[in-house]
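The exercises below ask the reader to work from the coordinates towards a description of burial, helix packing and contacts. Each task is followed by a solution that proceeds step by step.

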Amino acid sequence: MIANIWNSVYPILIAILFFELIIIIHEGGHFIAARLMGVKVNEFSVGMGPKLFQFKKGDTQYTLRLVLFGGYCAMEGEDEDSDDEHAFSNKKVIQRIFIVVAGALMNLILGFVIVGIIVCSQNLVGTARIARFDDSAVSAQTLQAGDRIKSIDGMRVYSATDVTTGLTRSTDDTLDMVVVRDGRDEKLTVRFDTEEYEGKQYIKMDFWLLGEQKTVGNVLKETFMQWISYARMVFLSVHDLIAGTYGVSDLSGPVGAVDVVSKSVKMGASSMLRIMALLTINVGLFNLFPIPALDGWRLFLLIFEGIFRKKLPSKWEWAINGAGLVLLLGLMAVITFSDITKLIN
């Protein structure tokens with residue numbers, strides 16, 4: 001009984017701790033950058049809600065709070081003017097830009113490290129070259145062993161990760177592919193079998209990709225290319241959302257993400273690490289989008305200030321930030337409700 005409960009609880013705990021790690025890394029990036037630029041940090045908090053423990057070192061109050069799902073780095077003069085020479089608002093534009101982007105940069109670095117761990121833990125380094133087909137492979141009517149996949153439906157393929165991404169984005173069973181065969185580019189129209197997953201049809205990958213023996217060079221190259229592939233997934237997802245391929249019901253918030261991570265924990269370390277890499281890269285890039293209430297909006301305002309040598313009027317900034325925050329919270333409420341409904345169903 002206790003073992004069964006623990007088996008259900010521990011994946012959720014790992015998922016929550018990982019999300020807190022993403023936040024700590026993000027806010028830690030702001031903190032380190034602020035200290036490097038000589039900005040006073042009033043408080044660095046791990047978690048949200050009531051205080052559990054705190055201590056002060058220098059000018060900074062370090063706090064551990066009850067709810068390990070959040071955190072913040074509160075800088076002097078971050079949201080208001082200050083007479084303190086060490087205030088965020090009194091630093092040069094380029095210094096403030098560095099502090100603002102440092103959080104997302106740390107998330108992207110964490111993603112790179114996780115991808116590197118994934119690649120190093122594999123027996124072979126994956127490629128985009130076809131090794132062999134399943135016995136009943138439909139795609140073998142057009143593709144051949146030895147083909148190196150160059151693009152799928154116009155999406156350039158650089159790694160094995162790109163192959164699976166290209167296949168899963170298809171809306172039917174037929175893909176336009178470019179492969180390198182005998183040193184020449186071949187344009188092909190390839191048909192696949194499909195399989196259903198969670199009410200939707202997806203292409204069934206009926207071939208295996210070739211692996212190479214690991215070297216320092218190809219491990220570093222594959223790590224970088226997979227990191228690029230995960231980053232591209234974020235932009236492809238936004239594109240598909242705008243294009244109507246996916247709706248709001250297909251999005252996941254914190255509740256859905258915790259569910260996905262906890263399921264991946266049960267599937268094994270490799271699956272868990274891939275989801276974690278995708279999530280931390282997603283958080284890093286999404287934070288840089290010029291959306292009010294996110295770091296990207298503050299970055300946009302700083303670039304505006306740097307170009308035109310003046311700040312956006314405070315009343316406008318507060319109004320836009322307020323409206324953006326309301327919209328984000330509203331969207332998050334809808335997504336969270338959808339996540340909970342999916343879990344119940």
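A residue counts as buried under 20% relative accessible area, as exposed over 50%, and as partly exposed in between. The model used throughout is a predicted one.

**Exercise 1. Describe the protein as a whole: how many helices and strands does it have, and what percentage of its residues count as buried?**

Step 1. The protein has 8 helices and 10 strands, and its C-alpha trace spans about 70 × 60 × 40 Å along the principal axes.
Step 2. Of its 345 residues, 39% count as buried.
Step 3. Among the contacts with a separation of 6 or more, 64% are made by residues 24 or more positions apart.

**Exercise 2. Classify K263 by its accessibility, and state where it lies.**

Step 1. K263 belongs to helix α5, which covers residues 254-267.
Step 2. Its relative accessibility is 45%, and because this value falls between the two cut-offs, K263 counts as partly exposed.
Step 3. In space, the C-alpha atom of K263 is 7.1 Å from that of P11, although 252 residues separate the two in sequence.

**Exercise 3. Is G284 buried or exposed, and which residues is it in contact with beyond its sequence neighbours?**

Step 1. G284 is found in helix α6, residues 269-286.
Step 2. Its relative accessible area is 0%, so G284 is buried.
Step 3. Once neighbours within four places in sequence are set aside, G284 is in contact with A104, N107 and L108.
Step 4. The C-alpha atoms of G284 and A231 are 9.3 Å apart, with the two positions 53 residues apart in sequence.

**Exercise 4. Characterise the packing of α2 against α4.**

Step 1. Two packed helices are described by the angle between their axes and by the distance between those axes.
Step 2. For helix α2 (residues 93-121) and helix α4 (residues 216-243), the angle is about 130° and the axes are 9 Å apart.
Step 3. With that angle, α2 is oblique to α4, and the crossing of the two helices is right-handed.
Step 4. On the α2 side the residues that meet α4 include L108, G111, F112 and C120, while those of α4 that meet α2 include V219, F224, W227 and Y230.

**Exercise 5. Why is helix α3 described as largely enclosed by the rest of the structure, and how does it lie relative to α4?**

Step 1. Helix α3 spans residues 160-168, and 7 of its 9 residues are buried, so the rest of the structure largely encloses it.
Step 2. The buried residues are A160, T161, D162, V163, T165, G166 and L167.
Step 3. The axes of α3 and α4 come within 8 Å and cross at roughly 25°, which makes α3 roughly parallel to α4.
Step 4. In this pairing, A160, T161, D162 and T165 of α3 meet E222, Q226, S229, R232, M233 and L236 of α4.

**Exercise 6. Test whether the span of α7 agrees with its number of residues.**

Step 1. Helix α7 has 14 residues, 295-308, which at 1.5 Å a residue should span 20 Å.
Step 2. The end C-alpha atoms of α7 are 20 Å apart, in agreement with that expectation.
Step 3. Within α7, the residues D295, G296, W297, L299, L301, L302 and E305 are buried.
Step 4. Just after α7, R309 takes a positive phi of about 60°.

Notes:
Residues are numbered from 1 along each chain as its sequence is written. This is a predicted model: local features need pLDDT of at least 70, side-chain atom pairs count only at pLDDT 80 or more; totals for chains, interfaces and linings use all residues. Side-chain values use heavy atoms; hydrogens and water are left out. Helices (H or I, at least four residues) and strands (E, at least two) are DSSP runs, numbered from the N terminus. The expected span of a helix is 1.5 Å times one less than its number of residues. Buried means under 20% relative accessible area, exposed over 50%, partly exposed in between (1.4 Å probe, protein chains only). Axes are lines fitted to C-alpha atoms, for helices over the stretch in contact, and angles run from 0 to 180 degrees between N-to-C directions. Angles under 35 degrees count as roughly parallel, over 145 as roughly antiparallel, 65 to 115 as roughly perpendicular and the rest as oblique. A crossing is left-handed if the near helix is turned anticlockwise from the far one by less than a right angle, and right-handed if clockwise. Contact means heavy atoms within 4.5 Å.
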